[in-house]
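Please open the model in a viewer and keep the sequence panel at hand. The tour below proceeds by selection, one stop after another.

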Amino acid sequence: MNNRINYLLLVTLLAGLVSCQPSIDKQEEKAASKAQEIITSAIETHGGKLYGNVLLSFDFRDRHYTAFRKNGQYVYTLEFTDPTGQVKDVLDNEGFYREINGSKVELPEEKENAYANSVNSVIYFALLPHGLNDAAVNKEYLGETTIHDQPYHKIKITFDQEGGLRFREAHNVRNINGIMFSDYINYESASDTTTLDKLDMAFKNSGLKNLSSIDLKNITVKNENL
């Protein structure tokens with residue numbers, strides 16, 4: 001039996017939604033509850049408790065990433081070579097730092113934040129749907145749709161910062177030592193008038209532009225005796 005949960009995440013980075021009418025509040029609460037149920041099932045199907053005690057690594061766009069998670073502690077790293085030498089970025093519970101050729105370097109706060117966000121975002125999306133139950137993530141159920149003859153649940157995801165709309169088509173789904181990973185084709189709307197809840201229709205009607213491919217390579221996963 002195939003227990004995979006098909007879900008379609010309609011992701012945007014918004015400043016937040018404010019509702020004034022009680023009836024709307026109840027509708028939003030119901031939609032959030034349904035979305036929560038599906039996300040929880042998806043996380044369980046894709047790896048569940050294994051996400052909390054894992055050491056994984058992968059390559060993305062010629063850069064090497066690792067993620068270590070255990071009992072609420074985490075260490076994320078990014079390594080690459082540039083004209084300054086061998087660069088290693090480290091993000092953990094204590095904060096962020098950069099090493100060049102094995103020595104820590106001082107960075108302006110703006111760059112430090114940018115580099116930390118870069119490491120976190122790549123690993124965050126690599127581990128989807130893990131992380132979608134974080135307190136800062138807002139979820140809303142938008143019903144069902146069918147793409148390529150496959151049924152999907154549509155779930156609206158918002159974060160508390162401004163941004164744009166993106167649609168990602170998952171492919172090359174594989175299970176590596178208990179955790180499921182996907183590659184993605186990243187799209188944006190060809191029209192400024194396309195709303196988030198209509199992204200699936202725009203995709204089916206060739207109304208989206210292919211921006212990039214998101215391919216994870218050389219994935220390794222260890223989740224025992226960490």
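The stops that follow cover a sheet, its hairpins, a helix, the nonpolar cores and the salt bridges. Please keep in mind throughout that the model is predicted.

**Stop 1: the open sheet**

Begin by selecting the strands of the sheet and tracing them from one edge to the other. Seven strands form an open sheet, and their order is E7-E6-E5-E4-E3-E2-E13, with antiparallel pairing. The edges are occupied by E7 and by strand E13 (217-222); each has a single partner strand, so one side of each is left without a neighbour in the sheet. When the view is rotated, note the twist: on average, neighbouring strands of this sheet are turned by 20° against each other, direction ignored.

**Stop 2: from E4 to E7**

Select strand E4 (residues 73-82) together with E5; the two pair in the antiparallel sense over eight bridges. To locate one point in this pairing, display leucine 78, whose bridge partner in E5 is aspartate 89.

Next, add strand E6 (residues 95-100) to strand E5 (residues 85-92). Six bridges join these two strands, again in the antiparallel sense. They form a hairpin with two residues between them, and aspartate 92 stands opposite glycine 95 in E6.

Then extend the selection to strand E7 (residues 103-105), which pairs with E6 in the antiparallel sense over three bridges. Which residue of E7 is the bridge partner of isoleucine 100? The partner is serine 103. The hairpin of E6 and E7 also has two residues between its strands, and within this hairpin asparagine 101 takes a positive phi near 55°.

**Stop 3: helix H2**

Select helix H2 (residues 109-126) and place a distance between its end C-alpha atoms. The viewer should give 26 Å, which agrees with the span of 26 Å expected for the 18 residues of this helix at 1.5 Å a residue. Now colour its buried residues: Ala116, Val119, Val122, Ile123, Tyr124 and Ala126. In considering the spacing of such positions, recall that an α-helix has 3.6 residues a turn, so residues three or four places apart point the same way.

**Stop 4: the nonpolar cores**

Keep H2 on display and turn to the side chains packed inside the model. The largest nonpolar core has 39 residues, and Leu56, Phe58, Ile123 and Phe181 have the most contacts inside it. H2 gives the most to this core, with six residues.

Centre the view on leucine 56. Setting aside residues up to four places away in sequence, leucine 56 touches Tyr65, Thr66, Ala67, Leu127, Phe181, Thr220 and Val221. Another core, of eight residues, lies apart from the largest one; among its members are Ile147, Phe167, Tyr187 and Leu199.

**Stop 5: alanine 42**

Select alanine 42, which is placed in helix H1 (residues 22-46). Is alanine 42 buried or exposed? With a relative accessibility of 0%, alanine 42 counts as buried. Add proline 129 to the selection: alanine 42 and proline 129 are 87 residues apart in sequence, yet 6.8 Å apart in space from C-alpha to C-alpha.

**Stop 6: the salt bridges**

Finally, display the charged side chains. The count of salt bridges comes to five. Select aspartate 200 and lysine 154, whose side chains meet in a salt bridge at 3.3 Å, N to O. Aspartate 200 belongs to helix H3 (residues 199-204) and lysine 154 to strand E9 (residues 150-160), so this pair ties together parts that are 46 residues apart in sequence. Aspartate 200 is buried, with a relative accessible area of 2%; lysine 154 is also buried, with 9%.

Move to glutamate 188 and arginine 166, which form a salt bridge with their closest N and O atoms 3.7 Å apart. Here strand E11 (residues 179-189) contains glutamate 188 and strand E10 (residues 165-176) contains arginine 166, so the pair ties together parts that are 22 residues apart in sequence. Glutamate 188 counts as partly exposed at 21% relative accessibility, and arginine 166 as partly exposed at 36%. Adding one further residue completes a network of salt bridges that links Arg166, Glu188 and Lys209.

The last pair to select is aspartate 183 and arginine 174. Their closest N and O atoms are 3.2 Å apart in a salt bridge, and both residues, aspartate 183 and arginine 174, are buried.

Conventions. Residues numbered from 1 in each chain as written. Predicted model: local features only at pLDDT ≥ 70, side-chain atom pairs only at ≥ 80, totals over all residues. Heavy atoms only, no water. Pairing = 2+ DSSP bridges. Helix = DSSP H or I, 4+ residues; strand = E, 2+ residues; numbered from the N terminus. Salt bridge = Lys/Arg side-chain N within 4 Å of Asp/Glu carboxyl O. Buried < 20%, exposed > 50% of the residue type's maximum accessible area, 1.4 Å probe, protein only. Expected span 1.5 Å × (residues − 1). Core = buried A, V, L, I, M, F, W, Y, C linked by side-chain atoms within 4.5 Å. Contact = heavy atoms within 4.5 Å. Axes fitted to C-alpha atoms, helices over the stretch in contact; angles between N-to-C directions.
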